[in-house]
Amino acid sequence: MFRIERQEKVLNYINENKTVKTQELAKAFGASLVTIRNDINELANRGLIIKTHGGAVCCQHRSNMEIPSVIRFQENIVSKQAIASITSDLIEDGDVIILDSGSTTLEIAKRIKGKNLTVITDDIKIGITLAEHGGINLMMTGGSLLPSVYTLVGAQAINFFDTIRVKKLFLGCDAIDFQWGISNRTMEEVQVKSAMMRAAQEVIAVADCSKFNRQVFAHLCNIEDLDMLITDRVTAEEREQLENAGVRVLAAQ
């Protein structure tokens with residue numbers, strides 16, 4: 001089978017099955033793991049699929065459905081750690097902050113040991129991480145658990161944020177389009193994130209560059225509604241667009 005023909009069949013297989021493992025593809029197409037990994041890399045570089053640790057996810061699945069946490073936490077981990085390293089330096093003793101749910105904000109939570117902080121979050125995994133640190137005044141929103149992830153949503157979470165004011169919000173993003181703005185895969189999370197934004201003096205988005213120039217289901221806010229974006233890397237053109245919108249940009253590269 002020619003490479004182009006095999007990759008077309010691999011793409012169809014991933015689109016049909018939504019989430020697949022590399023070993024599953026190798027068995028299905030009688031190809032080596034090295035060959036399948038190369039196919040995944042090429043298809044991902046062309047924007048046709050999303051590469052994950054040990055496999056791939058179809059773009060349609062990713063754009064319209066919440067990604068299970070086991071996949072989210074594996075994606076672009078080095079970039080998320082670099083973002084978290086920059087972000088932790090912005091958090092000062094005495095700050096009262098919101099950490100939005102997500103894998104990037106979880107990396108931030110891991111790096112704020114030894115600081116006198118009040119942290120509010122709707123993410124159970126972040127809550128557990130901070131509780132184990134000690135010395136942090138941790139507040140959880142309450143609410144209903146969103147299936148497949150560790151996020152609390154619903155009226156109780158929204159009402160909680162509507163009754164507080166904090167210095168900084170570190171906002172997770174599913175997608176950033178420089179014209180349409182910030183979007184998220186689920187309307188439930190958008191409602192909670194909107195309440196977070198109303199509660200914060202400063203809105204700081206944290207997102208790796210794989211989220212750029214993408215749109216998913218539910219619009220959250222315009223680019224102009226951000227005060228700052230912290231990312232792993234940004235092109236000169238992207239930085240200009242953001243700064244023209246009044247957004248300060250910090251990048252690891």
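Which two strands form a hairpin, and which residue in the turn has a positive phi? The strands are β2 and β3, with two residues between them, and the turn residue is Gly54, whose phi is about 85°. Please keep in mind as you look around that this is a predicted model. The points below start with the sheet that holds this hairpin, then move on to the salt bridges and to a few individual residues.

**The three-stranded sheet**

- The hairpin belongs to an open sheet of three strands, arranged in the order β1-β3-β2 with antiparallel pairing.
- Because β1 and β2 stand at the edges and have a single partner strand each, one side of each is left without a neighbour in the sheet.
- On average, neighbouring strands here are turned by 25° against each other, direction ignored.
- Helix α2, made of residues 22-29, packs on this sheet and touches β1 and β3. The direction of α2 makes about 80° with that of β1.

**Strand β3 and its partners**

- On one side, β3 (residues 55-58) pairs with β1 (residues 19-21) in the antiparallel sense, over three bridges.
- β3 is also joined to β2 (residues 49-52), and this antiparallel pair has four bridges.
- Val57 is a handy residue to click on: Thr19 stands opposite Val57, and Ile50 stands opposite Val57 as well.
- One place to look next is Ala56, which has Lys51 opposite.
- In a regular strand, side chains alternate between the two faces of the sheet.
- Both faces of β3 are covered, with Gly55 and Val57 buried on one side and Ala56 and Cys58 buried on the other.

**Asn12 and Cys58**

- Asn12 is part of helix α1, which spans residues 3-17.
- With a relative accessibility of 38%, Asn12 counts as partly exposed.
- The C-alpha atoms of Asn12 and Cys58 are 9.3 Å apart, although 46 residues separate the two along the chain.

**Salt bridges**

- How many salt bridges does a search of the whole structure find? The search finds 11, and three of them are described here, beginning with Lys167 and Asp95.
- In the Lys167–Asp95 salt bridge, the closest N and O atoms are 3.5 Å apart. This pair links distant parts of the chain, 72 residues apart: Lys167 sits in strand β9 (residues 166-172), and Asp95 in the loop between α6 (77-88) and β4 (96-99).
- The two partners differ in their surroundings: Lys167 is partly exposed at 35% relative accessibility, whereas Asp95 is buried, with a relative accessible area of 3%.
- Asp100 and Lys193 form another salt bridge, at 2.4 Å from N to O. Asp100 lies in the loop between β4 and α7 (103-110) and Lys193 in helix α10 (residues 187-199), so this pair ties together parts that are 93 residues apart in sequence.
- Both Asp100 and Lys193 are buried.
- A further salt bridge connects the side chains of Arg233 and Asp232, with 3.6 Å from N to O.
- Salt bridges with shared partners also join Glu92, Asp95, Lys167 and Lys168 into one network.
- Back at the Arg233–Asp232 pair, Arg233 is partly exposed at 42% relative accessibility, while Asp232 is buried, its relative accessible area being 5%.

**Asp174 and its surroundings**

- Is Asp174 buried or exposed? Asp174 has a relative accessible area of 7%, and because buried means under 20%, this residue counts as buried.
- You will find Asp174 in the loop between β9 and β10 (175-177).
- The side chain of Asp174 makes a polar contact of 3.0 Å with the side chain of Asn184.
- That Asp174 side chain also reaches the backbone nitrogen of Arg185, at 3.0 Å.
- Leaving aside neighbours within four places in sequence, Asp174 is in contact with Ser183, Asn184, Arg185, Lys211, Arg214 and Val216.

**Gly134 and Lys113**

- Gly134 is located in the loop between α8 (124-133) and β6 (137-140).
- At 39% relative accessibility, Gly134 counts as partly exposed.
- From C-alpha to C-alpha, Gly134 and Lys113 are 8.0 Å apart in space, with their positions 21 residues apart in sequence.

Key. Residues numbered from 1 in each chain as written. Predicted model: local features only at pLDDT ≥ 70, side-chain atom pairs only at ≥ 80, totals over all residues. Heavy atoms only, no water. Buried < 20%, exposed > 50% of the residue type's maximum accessible area, 1.4 Å probe, protein only. Pairing = 2+ DSSP bridges. Salt bridge = Lys/Arg side-chain N within 4 Å of Asp/Glu carboxyl O. Axes fitted to C-alpha atoms, helices over the stretch in contact; angles between N-to-C directions. Contact = heavy atoms within 4.5 Å. Polar contact = N/O pair within 3.5 Å; in protein donor to acceptor, adjacent residues only side chain to side chain.
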